[in-house]
Each structure stands twice: as structure tokens, then as C-alpha cells.
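Here is a short tour of one protein chain for anyone new to reading structures. Keep the picture open while you read, and look up each residue as it comes along.

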Amino acid sequence: MKQIITAPGAPAALGPYSHAVQVGDLLFTSGQVPLVPETGKLAGDTIEAQANQVLDNLEQVLNAAGLTFDDVVKTTIFLTDLADFATVNAIYATRFPPAPPARSCVQVAALPAGAKMEMELIASR
């Protein structure tokens with residue numbers, strides 16, 4: 001059975017999608033860009049500020065489902081510039097356990113709202 005997860009502490013969706021969908025023991029999040037929930041604006045111009053906001057937003061979605069970063073099994077990161085890869089890796093490593101989830105990272109031409117980064121994840125109970 002499919003359950004829609006809405007996270008009160010995450011920014012409102014920019015389109016017709018849910019923050020996350022839970023099916024059985026799996027949670028699939030929509031991609032989060034670095035919007036500040038209170039303002040709907042980008043967290044800043046730097047990749048550091050944006051990466052931290054993306055992770056904060058995903059943490060809110062996980063928490064709304066009763067999960068944490070420890071429950072994440074797969075992430076996908078979208079960057080507009082792969083030169084930011086090392087910086088994002090350093091910030092990413094602070095949020096995930098010593099045995100991190102599987103991950104993909106790709107460079108894209110553009111992201112919603114002019115973001116430098118977007119991230120989605122899959123978690124398991």
C-alpha cells in the first residue's frame with residue numbers, strides 16, 4: 001500500500017509531487033533543492049550553503065516518515081558543476097554513518113530555482 005509523506009519542516013513542492021512516498025518498508029523521496037522552508041528562496045550562492053540546506057530538507061522528510069539518515073540505502077546527487085564534487089562529499093560525509101549508503105552523482109545542465117545541487121534518496125525501515 002502506498003502512503004504519501006508530507007514533511008511540515010521541508011519546503012513546499014515546486015510542482016505536482018509529494019515529499020516522499022512510502023511503499024512497504026521503503027521510502028522514496030522526491031529530489032530536494034536548497035530552498036529555505038520559511039522563505040522559499042535558495043539557501044545561498046555557495047555550494048556549501050546549498051548542500052547543507054538540501055541535507056536539512058531531506059532530514060525533515062525522513063523525520064516525517066519516522067526515519068533518519070541511518071536508514072538510507074541509496075542516494076542520487078545532481079550537481080550543475082562536478083567541480084563541486086569534493087566539497088559536497090565532505091558535507092555529505094558529516095550526515096551519513098560510517099557505512100554510507102550506495103550513491104550516484106551526475107552533472108546536469110540546470111536544476112529548479114537555479115540551484116547548484118539536488119538530492120533524492122531511498123530509505124528502508
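A residue counts as buried when its relative accessible area is under 20%, as exposed when it is over 50%, and as partly exposed in between. One more thing before we start: this is a predicted model.

**Warming up with A43**

Let's try the definition out. A43 has a relative accessible area of 28%, so this residue is partly exposed. You'll find A43 in the loop between β3 (26-29) and α1. Setting aside residues up to four places away in sequence, A43 touches P34, V36, A49 and Q53. There is also a spacing to look at: A43 and V54 are 11 residues apart along the chain, and their C-alpha atoms are separated by 8.9 Å.

**Some loop residues side by side**

Loops are handy for practice, and here are three more residues to sort with the same rule.

| Residue | Where | Relative accessible area | Class |
|---|---|---|---|
| A99 | loop between α2 and β5 | 63% | exposed |
| A113 | loop between β5 and β6 | 48% | partly exposed |
| G15 | loop between β1 (2-5) and β2 | 29% | partly exposed |

Each of these has something else to show. A99 and D70 are 29 residues apart in sequence, and 9.0 Å lies between their C-alpha atoms. For G15 and G40, the gap is 25 residues in sequence and 13 Å in space, again C-alpha to C-alpha. A113 has a backbone detail instead: its phi is positive, about 65°, although A113 is not a glycine.

**Helix α2 and its two sides**

Now turn to α2 (85-93). Which residues of α2 are buried? They are V88, I91 and Y92. These three cover an arc of only 100° around the axis, so they sit on the same side of α2. Over on the other side of α2, A86 and A93 are exposed. And what do the buried residues of α2 pack against? Their partners are α1 (47-64), β4, β5 (102-107) and β6 (117-124).

**Salt bridges around R95**

Side chains of opposite charge can pair when their charged atoms come close. How many salt bridges does the structure hold? There are two.

In one of them, the side chains of R95 and D56 meet at 2.9 Å, N to O. R95 lies in the loop between α2 and β5 while D56 is in helix α1, so this pair ties together parts that are 39 residues apart in sequence. D56 itself is partly exposed, at 32% relative accessibility.

R95 also meets E59 in a salt bridge, here at 4.0 Å, N to O. E59 belongs to helix α1 and R95 to the loop between α2 and β5, so the pair links parts that are 36 residues apart in sequence. E59 has a relative accessible area of 31%, which makes this residue partly exposed. Because a salt bridge needs a side-chain nitrogen of Lys or Arg within 4 Å of a carboxyl oxygen of Asp or Glu, you can check both pairs against that cut-off yourself. Salt bridges that share partners join D56, E59 and R95 into one network.

**Two buried charges without a salt bridge**

Next, two acidic residues with another story. D84 is placed in the loop between β4 (72-79) and α2. Is D84 buried or exposed? D84 is buried, yet has no salt bridge. The nearest side chain of opposite charge is K116, 5.5 Å away. Leaving out neighbours within four places in sequence, D84 is in contact with I47 and L79.

E118, in strand β6, is likewise buried and has no salt bridge. Here the nearest side chain of opposite charge, K74, is 13 Å away. Beyond its neighbours within four places in sequence, E118 is in contact with a list of residues including G31, V33, T76, F78 and P112.

**A nonpolar patch on the surface**

Last stop: the surface. Which residues make the nonpolar patch there? V23, L26 and F28 do, and the patch is about 220 Å². V23 is placed in strand β2 (residues 20-23). With a relative accessible area of 39%, V23 is partly exposed.

How values were computed
Residues numbered from 1 in each chain as written. Predicted model: local features only at pLDDT ≥ 70, side-chain atom pairs only at ≥ 80, totals over all residues. Heavy atoms only, no water. Helix = DSSP H or I, 4+ residues; strand = E, 2+ residues; numbered from the N terminus. Buried < 20%, exposed > 50% of the residue type's maximum accessible area, 1.4 Å probe, protein only. Lys, Arg positive; Asp, Glu negative; His and termini not counted. Contact = heavy atoms within 4.5 Å. Arc of directions from axis to C-beta. Patch = residues over 30% accessible without salt bridge, like charges linked within 9 Å, V, L, I, M, F, W, Y side chains within 5 Å. Areas by Shrake-Rupley, 256 points an atom, 1.4 Å probe, with all protein chains shown as cover.
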